[in-house]
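Visitor: I'd like to learn how to read accessibility and overall shape from a model. Could we start with a single residue and work outwards?

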Amino acid sequence: LGCERLFELDFIIECVSTPDAAERAKRIDHMVDCYDRCQLLLKYSTQYVEQIAHSLEQQKEKQNRIGLGSSGVGVLSGVLGIAAAATILTPAGPPLLIASLFFGGGATAVQTGSEAYNYFSEPNKLADRIIALHGMVLSILRVTS
């Protein structure tokens with residue numbers, strides 16, 4: 001029995017309604033153990049919820065600024081690309097095309113790096129873990145109420 005199955009309502013009902021009394025007791029003990037662990041972890045995590053929320057808000061503000069800057073650089077890249085296409089046969093055309101590619105690639109790289117950093121950041125992991133624990137507790141309590 002893994003804790004991940006506790007999210008499934010059918011599994012919990014199956015555990016409670018197992019005909020064999022010894023197996024039912026074993027499964028219910030496991031569910032109670034998981035519930036106790038989740039409850040302890042949630043109680044411990046509540047002292048950090050405000051700090052996590054503040055950190056997530058700061059990350060979102062930073063992400064919005066980076067996204068706005070990357071979008072601006074993307075627009076500049078597009079304008080340079082149009083100018084390069086219009087002047088491709090002149091001496092100014094190829095440098096404009098290279099600049100367009102440079103700005104477009106740079107903006108994409110910065111935005112992708114920022115997204116990857118935010119995805120793997122510690123506040124996001126903690127928030128996801130707290131939400132998963134809360135969901136597990138609610139799944140177990142749904143059957144008992």
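Guide: Sure, and keep in mind that this is a predicted model. Partly exposed covers the range between under 20% (buried) and over 50% (exposed). Ile88 has a relative accessibility of 41%, so Ile88 counts as partly exposed.

Visitor: Where is the place of Ile88 in the chain?

Guide: Ile88 sits in a loop, the one between helix H3 (49–86) and helix H4 (93–119).

Visitor: Which residues make a nonpolar surface patch with Ile88?

Guide: For a patch, nonpolar side chains are joined within 5 Å. Here Leu89, Leu97 and Leu101 join Ile88 in a nonpolar surface patch of about 450 Å².

Visitor: Zooming out, what does the secondary structure of the chain come to?

Guide: There are 5 helices and 0 strands, and from the N terminus the order reads α-α-α-α-α.

Visitor: Is the chain spread out or a compact globule?

Guide: Set the radius of gyration against the globule rule. For 145 residues the rule gives 15 Å, and the chain comes in at 26 Å, well over that, so the chain is more spread out than a compact globule. Along the principal axes, the C-alpha atoms fill a box of roughly 85 × 35 × 20 Å.

Visitor: How much of the chain counts as buried, and how much area does the chain expose?

Guide: With buried meaning under 20% relative accessible area, 26% of the 145 residues make the cut. The chain exposes about 9800 Å², with carbon and sulfur atoms supplying 65% of that area.

Visitor: And what share of the contacts with a separation of 6 or more comes from residues 24 or more positions apart?

Guide: That share is 70%.

How values were computed:
Residues numbered from 1 in each chain as written. Predicted model: local features only at pLDDT ≥ 70, side-chain atom pairs only at ≥ 80, totals over all residues. Heavy atoms only, no water. Patch = residues over 30% accessible without salt bridge, like charges linked within 9 Å, V, L, I, M, F, W, Y side chains within 5 Å. Areas by Shrake-Rupley, 256 points an atom, 1.4 Å probe, with all protein chains shown as cover. Salt bridge = Lys/Arg side-chain N within 4 Å of Asp/Glu carboxyl O. Helix = DSSP H or I, 4+ residues; strand = E, 2+ residues; numbered from the N terminus. Buried < 20%, exposed > 50% of the residue type's maximum accessible area, 1.4 Å probe, protein only. Rg over C-alpha atoms; globule rule 2.2 N^0.38 Å. Contact = heavy atoms within 4.5 Å.
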